[in-house]
Structures are given as structure tokens and as C-alpha cells.
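Hi there,

Here is the structure I promised to pass on to you. Please open it beside this email and follow along as you read.

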Amino acid sequence: MQSRSTTLSLNWVNIIFLTAMPILGIAGAIWWVSTEQFNWATVIFTFIYLNLAGISITAGYHRLFSHRSYEAAKPVQWAFVAFGSACFEGSVVDWSTDHRVHHRYQDKDEDPYAIFKGFWFAHIGWLYTKNWRADGSAVPDLWKNAVIRSQHEYYILWSVFMGFIVPMLVCSLWGDMWGGLLIGGFLRVALNQQFTFLINSLCHFAGTKPFSDKITARDNWLTAIFTYGEGYHNYHHTFPGDYRNGIRWYDFDLTKWLIYGLSKVGLAWRLHMVSPERILQSRVAMQEKTLREKLSLQKVKSPALMEHINKTIEVAKEQLATASERLALIRAQYESLKNSNNQAIDHQIAELRTKFYEAQRELKHAYQLWKAMLNGYMKLTTI
Ligand SMILES: [Zn+2]
Ligand SMILES: [Zn+2]
């Protein structure tokens, strides 16, 4: 088990490195441009490498290794470990240990990057005082993986090679080795790190809470753009086992689309998804809470009107609950029949599929009624 000192002694290696990367990156870029060494090939390479490394953190370090929200083929895992190393965000073992603790003790003192300790603390300050290193005992599942173990043991070598040497080697193909180090190395590392840090700071600071208001994590499409979809953080903290963070088809969640794409070519499987009924339950509970808060502020004077409102809410909720239960039941029957691989029950499967779509439509309709009622009463509270 890693030891977490309670004293806040400064970690000078982290402080110097995290400060040096943006300074060297920006100063290096100015020098690179002003000495007429600018090269489009280096810029394009840096853009690709930035995203490759960044999405290895979100799809690999985060959703695969920390949460086990899906399974992936070995070469995919190795690629995530290798390209993730290029971000200098610690080994998979270190990163996942901290992240699992972040979820287990979210918003409590034990949370390594608890937002209540301040925006900058959650963003980068926690790394200035991070004086523990995981030893693998808190992540036994990851410790079994030889590549992850090797990366943990030789983390500096992995990171220096993937973070600096590879960009230098690639960019030297068009004669821009120093551009490779300054732009593809230092500047890119600084960007990768700041984008990841946003998840711990801004995603717990700005945005909405559609699924739970008991946590600081928030949904924010703007942060999702910079974090490959991790900006839907209220959903993620409510349902951390789901391979998606943005659940609507149009939610900008590049990581979700990558994992889905990998599953379509047989490189990822067992993609875990929370059922729509459970998601809807959380959403409806939050909507009801908001409505009741607004109604109580409104101080409806007529007891008869209040009774009528309460009754309408209960009826709409009951319709939703009935439709949800029916859908969950049919889904369970459908899944068990589908897995039985029995040719004779093909017609039963077809029948259940029809019932399933019917139940889905019923639930959608019940939700529309719920929303109509909600909007009506919300308008009442603004009069
Ligand atoms: Zn979080
Ligand atoms: Zn997480």
C-alpha cells in the first residue's frame, strides 16, 4: 500500500518539472519561430501526438485501467501504456491508485485532489505536495499486467523515451529534431498535462449537476472538448463503471467513440453501460428536487393547489416507474433468451424484441408527460 504522509512537504521534482514544461515549451516555440525553423510537418505531428497521448490517458489510464469499464486486446493496452507515458502523468499504477481513491473518497479529506481544498489545489497544487508513490497493492488487478508493471518500475525511461525521444526521432525525419523536442516534447507535454488537470479542477467547479447534487462533479460540454469527453463529470461520478461519459449520441465524447470503434473491429469488448432506466431515475429525481425547491420558494398559499401539484407529480412519477420496470423486465428476459443460443426460441426472441421496442416507446412517452408537467410547474414558479 502506498504511504500518504499527512505533512504537506513540497515535492520539488514535481514543482520544477510542471513549471518547466510550459516555460520551456512557450520559450522554445518563440525561439523556433523567430529563428525561422518553423515547420508544418512538426506542427501536424505535434497535433496528432498530443491527441494520441491525451486519449491514451482518458480511454486507457482512466476508463480501461482505473475503472475497468470495458476490456481491450493486449496491443491496445500496450499502446495506451506507451502513449500515455508521453504525458508524464505518472505510471498507470500511480495514476489509477490516485484516481480510485478520488472516486472512493470523493469530496472528502482523503480525496487526493479534493476540490474543497481549492481550485488550484485540485488543478495542480496537489502534485506540488504529492509525496506518496503507489506500490501496486491497491491495484492488484493492474499489477498482474507485465507491461503495466514494467512501466511502473521504469517509469522515467518509458516517459522520457515516449515523451521526448520519439518526437525528436520522428521530427528528425524532416530535419527538425529540436522542433521535435521543443514543440512535440515540452509544449505538447504541458498541454496534455493542463488538459488532464482540467478534469480535476474545472469539471468539479463549473457546469450542471443533472444526475446528483450530492457530489461536486459537474457536466460541462466545454471542458468535454478539451478532455476528449471527460467533461460530463457529474454523470461519470454518478455511474463510474459506464464506458461513456457523455451518454447522448451527440455529446462530444471522443473517448466513447474511440472505445465503441475499437469494439466494432474486435479490439474491445464487454463495454459496460448503465441501463437507461437507472439513468432516467437519477435524472428524474434531480428534476423533482429542483422543482420542489422552486415550489417551496414560491410558497404556494392554497393548500388545495399544493395538494393538486403533489398528486400530479406522484402520478407522473408512477407512470415513469411502471414503464421503467416493464422495460427492465423485458430487457432481462431478452438478454437471457439471447444468450441461450437455442434455435427453437428464435420466434420468442423476435416477439420479445417487439415488446422491448413497445416498452421503450412507453417509457419515452411517460418521460415526455413528466417533462410537460415539469415545464408547466416551472413556469408557475417564475410567475
Ligand atoms: Zn472527478
Ligand atoms: Zn473516473
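**A buried glycine and its surroundings**

Gly 179 is buried, because 28 other C-beta atoms lie within 10 Å and a residue counts as buried from 20 upwards. Please keep in mind that this is a predicted model.

You can find Gly 179 in helix H9, which covers residues 177-200. Leaving aside residues up to four places away in sequence, Gly 179 touches Trp 32, Gln 37, Asn 39, Thr 42 and Cys 171. For a sense of distance, try selecting Ile 215 as well: Gly 179 and Ile 215 are 36 residues apart in sequence, and their C-alpha atoms are 43 Å apart in space.

**The chain as a whole**

Now zoom out. The chain has 15 helices and two strands. Its C-alpha atoms fill a box of roughly 75 × 60 × 45 Å along the principal axes. Of the 383 residues, 35% count as buried. If you take contacts between residues at least 6 apart in sequence, 69% of them join residues at least 24 apart.

The domain assignment gives domain 1 (12-269) and domain 2 (276-378). Their centres, taken over C-alpha atoms, are separated by 37 Å. Where the two meet, seven residues of domain 1 are in contact with four residues of domain 2. On the domain 1 side, the touching residues are three nonpolar, two polar and two charged.

**Three pairs of helices**

A bit of background first: two packed helices are described by the angle between their axes and the distance between the axes. With that in hand, here are three pairs to look at.

*H1 and H9.* Let's begin with the helix that holds Gly 179. The axes of H1 and H9 come within 8 Å and cross at roughly 135 degrees, and the two helices are therefore oblique to each other. Their crossing is left-handed. From H1, the contact uses Leu 18, Met 21, Pro 22, Leu 24, Gly 25, Gly 28, Ala 29 and Trp 32, and these meet Gly 179, Leu 182, Ile 183, Phe 186, Leu 187, Val 189, Ala 190 and Gln 193 in H9. By class, this contact has 12 nonpolar, four polar and no charged residues. Both Gly 179 and Trp 32 are in that contact, and Trp 32 is also one of the residues that Gly 179 touches.

*H2 and H4.* Helix H2 (residues 40-66) packs against helix H4 (residues 92-104) at an angle of about 65 degrees, with the axes 10 Å apart. Here H2 passes H4 in a right-handed crossing. H2 contributes Tyr 61, His 62, Phe 65 and Ser 66, while H4 contributes Val 92, Trp 95, Ser 96, His 99 and Arg 100. The classes come to four nonpolar, four polar and one charged.

*H13 and H14.* Helix H13 (residues 276-298) and helix H14 (residues 303-339) have axes that come within 11 Å and cross at roughly 175 degrees. These two are therefore roughly antiparallel, since an angle over 145 degrees counts that way. In H13, the residues in contact are Glu 277, Leu 280, Gln 281, Val 284, Glu 288 and Leu 295, and they meet Ile 309, Ile 313, Leu 320, Ser 324, Leu 327 and Ala 328 of H14. This contact has eight nonpolar, two polar and two charged residues.

**Three single residues to click on**

Which loop holds Glu 36? Glu 36 is in the loop between H1 and H2. Its phi is near 55 degrees, a positive value in a residue other than glycine. Glu 36 is exposed, as 7 other C-beta atoms lie within 10 Å.

Phe 88 sits in the loop between helix H3 (74-85) and H4. For Phe 88, too, phi is near 55 degrees, a positive value in a residue other than glycine. Is Phe 88 buried or exposed? Phe 88 counts as buried, because it has 22 C-beta neighbours inside 10 Å.

Last comes Ile 16, in helix H1 (residues 12-34). Ile 16 is exposed, with 10 other C-beta atoms within 10 Å. Its C-alpha atom is separated by 43 Å from that of Ile 279, which lies 263 residues away along the chain.

Enjoy exploring, and write back with any questions!

Best wishes

Definitions and conventions
Residues numbered from 1 in each chain as written. Chains lettered and ligands numbered in written order. Predicted model: local features only at pLDDT ≥ 70, side-chain atom pairs only at ≥ 80, totals over all residues. Axes fitted to C-alpha atoms, helices over the stretch in contact; angles between N-to-C directions. Helix = DSSP H or I, 4+ residues; strand = E, 2+ residues; numbered from the N terminus. Parallel < 35°, antiparallel > 145°, perpendicular 65-115°, else oblique. Nonpolar A, V, L, I, M, F, W, Y, C, P; charged D, E, K, R; others polar. Domains from an automatic or database assignment. Left-handed = near helix turned anticlockwise from the far one by under 90°. Buried ≥ 20, exposed ≤ 12 C-beta atoms within 10 Å, placed from the backbone.
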